[in-house]
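Q: I would like a close look at a single part of this protein. Please begin with what counts as being tucked away from the surface.

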Amino acid sequence: MMSLVRRTAAALADDLAAGEVTSVELTEAHLDRIAEVDGDVHAFLQVDRDGALAQAAESDARRSRGEARGPLDGVPIAVKDVLATRGLATTCGSKILEGWVPPYDATVVQRLRVAGLPILGKTNMDEFAMGSSTEHSAYGPTHNPWDLDRIPGGSGGGSAASVAAYEAPLAIGTDTGGSIRQPGAVTGTVGVKPTYGGVSRYGLVALANSLDQAGPVSRTVLDAAMLHDVIGGHDLRDSTSIKQDWPSFTEAATQGASGDLAGLKVGVITEMQGDGWQPGVMARFTESVELMVKAGAEVVEVSCPSFVHALAAYYLILPAEASSNLAKFDAMRYGLRVTPDGDPSAEEVMRATRDAGFGDEVKRRIILGTYALSSGYYDAYYGQAQKIRTLISRDFDAAFERVDVLVSPTAPTTAFRLGEKLDDPIAMYLNDLATIPANLAGVPGISVPNGLDDEDSLPTGLQVLAPALADDRVYRVGAALERLLSDEWGGPLLDRAPTLGSATTTEDQA
Ligand code: GLN
């Protein structure tokens, strides 16, 4: 079983096409793996065994008729619990949505179904995607497969951990300020935040509409690209969806895998190094940049001075949008309803429900956001933050006149211990220092695993950012870097993770 779950999505696609395995077999292998290790990892809030196997059987039937819908038809996937799934509870990691079963699919989910990917279940997350450690989930934290006492990143720690623990070959995440890329970095997996508008937000329960973007989580760059080809593209149901023909990301990743970076201009972001960056993270970053130079890239340092204000701007804009979005959880329309004794008014029911249903971090951000938007403070806070947002976009524009891509470490540290930052919101917010500017400007980015910190032996990630719409460049450069690193290591980084559960099968030993 282990050997099947260790295969990449691209390899499984080949196996299926060659008739060497059925979708039911490999879906069952992943479900068994979930049963084996998820008690320790807790990547899933819900596993849909029957649904996944039924979808797998349909995929096998299609394939035997010669009607496979694409390379990933039959390859199972995990979906972050912030995306609406018809008939399958969707909680956003919150008590307030406990038991809510959406009557419709998010466009991303619908596209997975159309392409034939069986959905294994819904993954754990910080409540309403607010957090960097998955500890703010109302259903308990997810554990990092590299060290179960450590966080898997957040908010999409469940999706990243499911892929790192070989419970799923692929997963869907969402990235509002780094929630795909940062969990990728700390679990040794690949995460991509597409260009804003590149993947439909219809059915993605909004945290901050102007920042949210769904994207792929995987173990290789090629797998992420194949998944992006399935979920991306214009959607009439999302007014911010970009209408244009996108190139094949699978092709871009395949080209990049040659490892040749001749002629590529790479900018190292000045503001994303120095104090506060873990020495082991910086050491791996510097080595990766040197590898890129050896492969033909021209590297220069690029200053983006407004980036130092990105965190402050984000933590005004995000709570402002979130406070408005979360107003719809009013005890009347969805999920939980708490009715106080006596003859309570609608407002009293609403107050009791929101008090019981929302966690501390959500309440904190609602208060912050409401304050920032209140008439006396709007100009002083929200207005200023929007100006900074414009300056950040201009910094990106200026940088991309000089270089093709920008690079930085994805996260300032490796995975910290569960509980370590839980009582210190600012320390928690600082994890997204490197990822937030891309969300504020809408540009695409990828996090590629680029080594282990010498001190704690935990994974580090390197982030590649490209101009808006140049997602193919992110895949090309990401795949090249992955190839260069794997040549150095003699195989994938995840092979060095401590193995959970059944270590090997007789097949592996042979
Ligand atoms: N950690 C960031 C936050 O707490 C990013 C979250 C996200 O991308 N969903 O807002």
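A: A residue is called buried under 20% relative accessible area, exposed over 50% and partly exposed in between, with a 1.4 Å probe and protein chains only. What you have is a predicted model, in which local features need pLDDT of at least 70 and side-chain atom pairs count only at pLDDT 80 or more, while totals for chains, interfaces and linings use all residues. Residues are numbered from 1 along each chain as its sequence is written, and side-chain values use heavy atoms, with hydrogens and water left out.

Let's settle on strand S2, which takes in residues 77-80. (Strands are DSSP runs of E with at least two residues, helices are runs of H or I with at least four, and both are numbered from the N terminus.) Which of its faces are covered? Both are: Ile77 and Val79 on one side are buried, and so are Ala78 and Lys80 on the other. This fits a familiar rule, as in a regular strand the side chains alternate between the two faces of the sheet.

Next, look at the neighbours of S2 (strands pair if DSSP finds at least two bridges between them). Strand S3, residues 119-123, pairs with S2 in the parallel sense through four bridges. Within that pairing, Gly121 of S3 is the residue opposite Ala78. Strand S4, residues 170-174, also runs parallel to S2 and is joined to S2 by two bridges. There, Val79 sits opposite Ile172.

Lys80, which belongs to S2, deserves a moment of its own. Lys80 counts as buried because its relative accessibility is 0%. The UniProt annotation "active site", from an unreviewed entry, covers Lys80 together with Ser155 and Ser179. These three span 100 residues in sequence, yet no two of their C-alpha atoms are more than 10.8 Å apart, so they gather at one spot. Do bear in mind that UniProt positions follow the numbering used here, that feature names are shortened, and that annotations may be inferred rather than shown by experiment.

With S2 in view, the charged contacts elsewhere make a good contrast. Side chains of opposite charge can pair when their charged atoms come close. A salt bridge here is a side-chain nitrogen of Lys or Arg within 4 Å of a carboxyl oxygen of Asp or Glu, and the count comes to 22. One of them joins Arg6 and Asp495, with 3.5 Å from N to O. That contact links distant parts of the chain, 489 residues apart: Arg6 is in the loop between helices H1 and H2, and Asp495 in the loop between helices H17 and H18. Both ends are partly exposed, Arg6 at 26% relative accessible area and Asp495 at 47%.

Asp238 and Arg201 form another salt bridge, their closest N and O atoms being 3.8 Å apart. Asp238 lies in the loop between helices H8 and H9 and Arg201 in the loop between strands S5 and S6, so this contact ties together parts that are 37 residues apart in sequence. Here both residues are buried, Asp238 at 6% and Arg201 at 14%.

A third salt bridge connects Glu361 with Arg365, at 2.7 Å between the closest N and O atoms. Both residues lie in helix H13, four residues apart, about one turn of the helix. Glu361 and Arg365 are both buried. Finally, Arg86, Asp105 and Arg113 belong to one network, made by salt bridges that share partners.
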